[in-house]
Structures are given as structure tokens and as C-alpha cells.
Amino acid sequence: MQKLFKKPGLIRFGMNIWPPFLFAGIRIIQLQKDYRYLKAELKHWRINLNVNRSQFGGSIMSMTDPLYSILLIGALGEKYYVWDKFADVNFIAPGYSCLSVEARLTDTDIQTIKTHTANGEKYFPKFVLRVCDKKGQIVAEVQRTLYVRLKPEFRP
């Protein structure tokens with residue numbers, strides 16, 4: 001699996017045909033080669049609308065679910081376990097158009113994770129994603145908490 005992450009274009013393609021994304025109208029439109037930036041979109045179409053004709057909250061959550069896991073697995077490499085652990089969403093406004101979200105990792109994020117996990121400890125970094133409509137208005141803020149830990153063979 002880790003060898004796949006050496007090819008971000010293949011990861012992007014695979015995620016875009018992965019049934020939970022494909023059938024929900026979610027796609028990754030940009031993934032940087034260094035796994036520091038990712039942009040995803042959620043279509044506005046009948047299949048993912050709620051009774052108010054706005055984007056279904058579950059689709060918004062699904063769109064944000066794997067984003068930081070993908071970035072961290074790609075950026076940290078094969079020595080680490082990375083899982084999504086917890087999410088909290090604040091729905092701010094209804095989404096009546098295509099929605100997008102951007103995820104970024106900084107050098108500080110990577111260094112902080114490596115420092116906190118250096119002795120084999122679990123670390124739970126938190127990231128906030130802002131889901132926006134076509135006009136740039138924030139529709140939802142999603143806080144994702146991840147689980148990161150060195151794999152046993154790499155622990156001191």
C-alpha cells in the first residue's frame with residue numbers, strides 16, 4: 001500500500017473512482033506531489049441533496065474524512081500508522097452549489113508530529129477544514145482529529 005503513495009496521481013485517481021467518493025459526487029481535483037496540499041469538491045446533484053435541496057451533511061463529512069489521512073500517510077511515509085479518529089462539524093450555512101475544501105500540511109505540522117511520536121507515543125493532531133460554496137462562503141467547519149504513531153518496528 002505504501003508504494004502507492006509514491007505516486008500521488010495514482011492515489012488521486014484511485015480516490016476519485018472509490019465508490020464512496022464516486023457515488024457521492026466527491027472528487028479530489030488537486031493533490032501535490034509532496035502531499036502538502038489537497039483540494040476536493042462535492043457536486044451539487046440530486047443524489048446528495050437533503051429535503052431542503054441543500055447538500056446533505058453526511059456527504060460534506062464524507063468529503064473531509066480521508067483528506068488529512070492521505071496527506072499524512074504521503075508526507076510521513078511508511079514508518080507511521082495514520083488513522084482518522086474523531087470529527088466534529090459546525091454547519092454554518094446551507095450549501096446550494098458545488099462545495100470545495102482545501103487541506104494543507106506545513107513543515108511545522110510534520111515536525112510537531114515527528115517530535116510527539118519519536119519515542120513511540122500516540123499523537124492526536126487536530127486540523128480544521130473549511131468547506132466553501134462557489135462564492136467562497138463558508139458552509140461548514142470540520143475539525144478532524146487523527147491518530148498517528150510509529151509502527152512497532154520503528155519504535156525505540
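These legends accompany several close-up views of a predicted model.

**Figure 1. The whole chain, with five helices and six strands.** Let's start with the overall picture before zooming in. Following the sequence, the elements come in the order α-α-β-β-α-α-β-β-α-β-β. The C-alpha trace spans about 55 × 30 × 20 Å along its principal axes. For 156 residues, a compact globule would have a radius of gyration near 15 Å, and the 16 Å of this chain agrees with that. Buried residues account for 43% of the 156 residues. Among contacts between residues at least 6 apart in sequence, 67% join residues at least 24 apart.

**Figure 2. The salt bridge between R27 and E41.** Side chains of opposite charge can pair when their charged atoms come close. The structure holds six salt bridges, and here we look at the one formed by E41 and R27, whose closest N and O atoms are 3.6 Å apart. R27 sits in strand β1 (residues 26-31) and E41 in strand β2 (residues 37-42), so the pair links parts of the chain that are 14 residues apart. Both ends can be described by their accessibility: R27 is partly exposed at a relative accessible area of 41%, and E41 is partly exposed at 22%. For E41, the label follows because buried would require a value under 20%.

**Figure 3. The salt bridge between D65 and R144, part of a network.** The side chains of D65 and R144 meet with an N to O distance of 3.3 Å. D65 belongs to the loop between α3 (57-64) and α4 (67-76), while R144 belongs to strand β6 (residues 138-150), so this salt bridge ties together parts that lie 79 residues apart in sequence. The two partners fall into separate accessibility classes: D65 is partly exposed, with a relative accessible area of 34%, whereas R144 is buried, with 4%. Have a look at D84 in this view as well, since D65, D84 and R144 are linked in a network of salt bridges.

**Figure 4. The salt bridge between R130 and E141.** This view stays with strand β6, which holds E141, and adds strand β5 (residues 126-132), which holds R130. The N to O distance between the two side chains is 3.1 Å. The pair ties together parts that are eleven residues apart in sequence. R130 is partly exposed, with a relative accessible area of 43%, and E141 is also partly exposed, at 26% relative accessibility.

**Figure 5. Helix α4 packed against helix α5.** Two packed helices are described by the angle between their axes and the distance between the axes. For α4 and α5 (residues 107-117), the angle is about 75 degrees and the axes are 11 Å apart. That angle makes α4 roughly perpendicular to α5, because values from 65 to 115 degrees count as such.

**Figure 6. The residues where α4 and α5 meet.** Now for the side of each helix that takes part. From α4 come L72, A75 and L76, and from α5 come I110, I113 and K114. Sorted by class, this contact has five nonpolar residues, no polar ones and one charged residue.

Definitions and conventions: Residues numbered from 1 in each chain as written. Predicted model: local features only at pLDDT ≥ 70, side-chain atom pairs only at ≥ 80, totals over all residues. Heavy atoms only, no water. Salt bridge = Lys/Arg side-chain N within 4 Å of Asp/Glu carboxyl O. Helix = DSSP H or I, 4+ residues; strand = E, 2+ residues; numbered from the N terminus. Buried < 20%, exposed > 50% of the residue type's maximum accessible area, 1.4 Å probe, protein only. Axes fitted to C-alpha atoms, helices over the stretch in contact; angles between N-to-C directions. Parallel < 35°, antiparallel > 145°, perpendicular 65-115°, else oblique. Contact = heavy atoms within 4.5 Å. Nonpolar A, V, L, I, M, F, W, Y, C, P; charged D, E, K, R; others polar. Rg over C-alpha atoms; globule rule 2.2 N^0.38 Å.
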